[in-house]
Amino acid sequence: MVTKGWYYDGKTSARHAVTLTLLPSRLDIHGTDDPHLKFSWPLEQLWWAQPPNAQGRARLALQGDNAARLELNDPGFVAAIRQSCPAIDKAGKDKGGRRKLAMIIGVSFASIAIAVFAAATILPPFLAPLIPASVERTMGEAAVEQVIDLVGLLEKKKIAVCSADDQHPAMERFRQRLARAAGIKSPLTVTVVNAKMINAFAAPGGQIVVFKGLIDFVHNPEELAGVMAHEIGHLIHLHPTKGMIHHIGLTGTLDLLLAGAGQGIMGTATGLMLRSAYSRDAEREADDAALDILQRANIRTSGVVSVFKRFSTELPELPKSLKLFSSHPLSQDRAMRLSAQATTTGRDAMSAEDWKSIQNMCDAAEKKKKQ
């Protein structure tokens, strides 16, 4: 059986497109963008770094290798792996590998341990850049899934994903334009979900979630570009990762590094991270990054000002459930800074056809599901 997937070596933030071939005793991995990437994983040594979700998305890892990951998004292939490896759902990480990783982490953090415990405020900036890309992405994916579940409880319905990864051509063109302008080399994932909530948020590991309510709320694609560029700014400065580390502390962070994303820690961290407003400095950094990204993409920056002003004036009148994650209050100083720097020069964020396609993407996905 053959499918496509993504490979992360855990040492860099790069991901590689790969072809996966499931054989009786092994899983062959061949790079499609790098012909030198070619190796095999024995089936009896496989374990789920992230168990399959309802959509069949999962992450595979190899016992003894606490870094490399394979990302799957093929329910049929996941089912075939489970059939070929009956014990995979009970498999765990190699303890020897974990002890080795614990020693590495211990040595790395020994020099800052006293300062960390003496002044917790310096913990996030020190540790956020040290989080391996694979762990950070796992943190983000877990946060995204938990938020979607939480929004489903608030809106009393099962929240559907309208588009993720490169499944929607118009959104993919938009994502690529912003990613190129931001100079992001690591993966940037934009997930659009069919929920009324008027917001978007960034999660660790290059994750951005956009609610349909936001797409309906914005007046034009430039306003949507302003919000998304702002969220990319938070990712560039590692604000979501720093926020999570701030709330779970050193012990929780070490547990994430050594044992993966524990459900208790992740649940607490996700809730705190998404309910807490960013600091004034973090918002200023994200604003500056957004303006720079839009200018590099040759998109009018006036949308940043108009949409955040509308957040401040119109969202307070909405029900609390629709603004739960609206953690970007526009202070008077911040509004003045944005207004002074924004310009009306630049091009449209996208074509009229692409904008209409994005506005209708959730309805189209729902209609396709019913067919």
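Show the surface of the whole protein chain first: its accessible area comes to about 17,500 Å², and 55% of that belongs to carbon and sulfur atoms. The model is predicted. Of the 371 residues in the chain, 50% count as buried. Switch to a cartoon view, which displays 15 helices and eleven strands. Among contacts in the chain with a separation of 6 or more, 65% are between residues 24 or more positions apart.

**The disulfide**

Select Cys-162 and Cys-362. Their sulfur atoms are 2.0 Å apart and form a disulfide. A search of the whole structure finds one such link. The angle about the S-S bond is 100°, and the link is right-handed. Cys-162 lies in strand β8 (residues 161-163) and Cys-362 in helix α15 (residues 361-370), so the pair ties together parts that are 200 residues apart in sequence. Cys-162 is buried at 12% relative accessibility, and Cys-362 is buried at 2%.

**Helix α6**

Next, select residues 169-182, which make up helix α6. These 14 residues should span 20 Å at 1.5 Å a residue, and the end C-alpha atoms are 20 Å apart, which agrees. Color the buried residues of α6, including Met-171, Glu-172, Phe-174, Arg-175, Arg-177 and Leu-178. To see what covers them, add β9 (189-193), α8 (221-236), α11 (280-296), α14 (352-359) and α15, which are among the covering elements. Then move to Gly-183, just after α6, where phi is positive at about 70°.

**The nonpolar cores**

Stay with Phe-174 and add Val-210, Leu-214, Leu-224, Phe-311 and Ile-358; these have the most contacts inside the largest nonpolar core, which has 46 residues. Helix α8 gives the most to this core, with seven residues. Now center on Ile-358 and list its neighbors. Leaving out residues up to four places away in sequence, Ile-358 touches His-168, Ala-170, Met-171, Ile-215, Leu-224 and Met-350. Of these neighbors, Ala-170 and Met-171 are also among the buried residues of α6.

Another core, of 23 residues, lies apart from the largest one; select Val-18, Leu-60, Cys-85 and Ile-88, which are among its members. Cys-85 has a relative accessible area of 7% and is buried.

**Glu-141**

Which helix holds Glu-141? Helix α5 (residues 133-155) does. Is Glu-141 buried or exposed? Glu-141 is buried, at 5% relative accessibility. Show the side chains of Glu-141 and Arg-59, which are joined by a polar contact of 3.2 Å. Beyond residues up to four places away in sequence, Glu-141 touches Gln-50, Arg-57, Arg-59, Glu-71 and Gln-207.

**Two loop residues**

Follow the chain from α5 toward β8 and stop at Lys-156, in the loop between them. Phi of Lys-156 is near 55°, a positive value in a residue other than glycine. Lys-156 is exposed, with a relative accessible area of 76%.

The last stop is Asn-298, in the loop between α11 and α12 (302-314). Its phi is near 60°, again positive in a residue other than glycine. Asn-298 counts as partly exposed, at 36% relative accessibility.

Notes. Residues numbered from 1 in each chain as written. Predicted model: local features only at pLDDT ≥ 70, side-chain atom pairs only at ≥ 80, totals over all residues. Heavy atoms only, no water. Disulfide = S-S within 2.5 Å. Helix = DSSP H or I, 4+ residues; strand = E, 2+ residues; numbered from the N terminus. Buried < 20%, exposed > 50% of the residue type's maximum accessible area, 1.4 Å probe, protein only. Contact = heavy atoms within 4.5 Å. Areas by Shrake-Rupley, 256 points an atom, 1.4 Å probe, with all protein chains shown as cover. Expected span 1.5 Å × (residues − 1). Polar contact = N/O pair within 3.5 Å; in protein donor to acceptor, adjacent residues only side chain to side chain. Core = buried A, V, L, I, M, F, W, Y, C linked by side-chain atoms within 4.5 Å.
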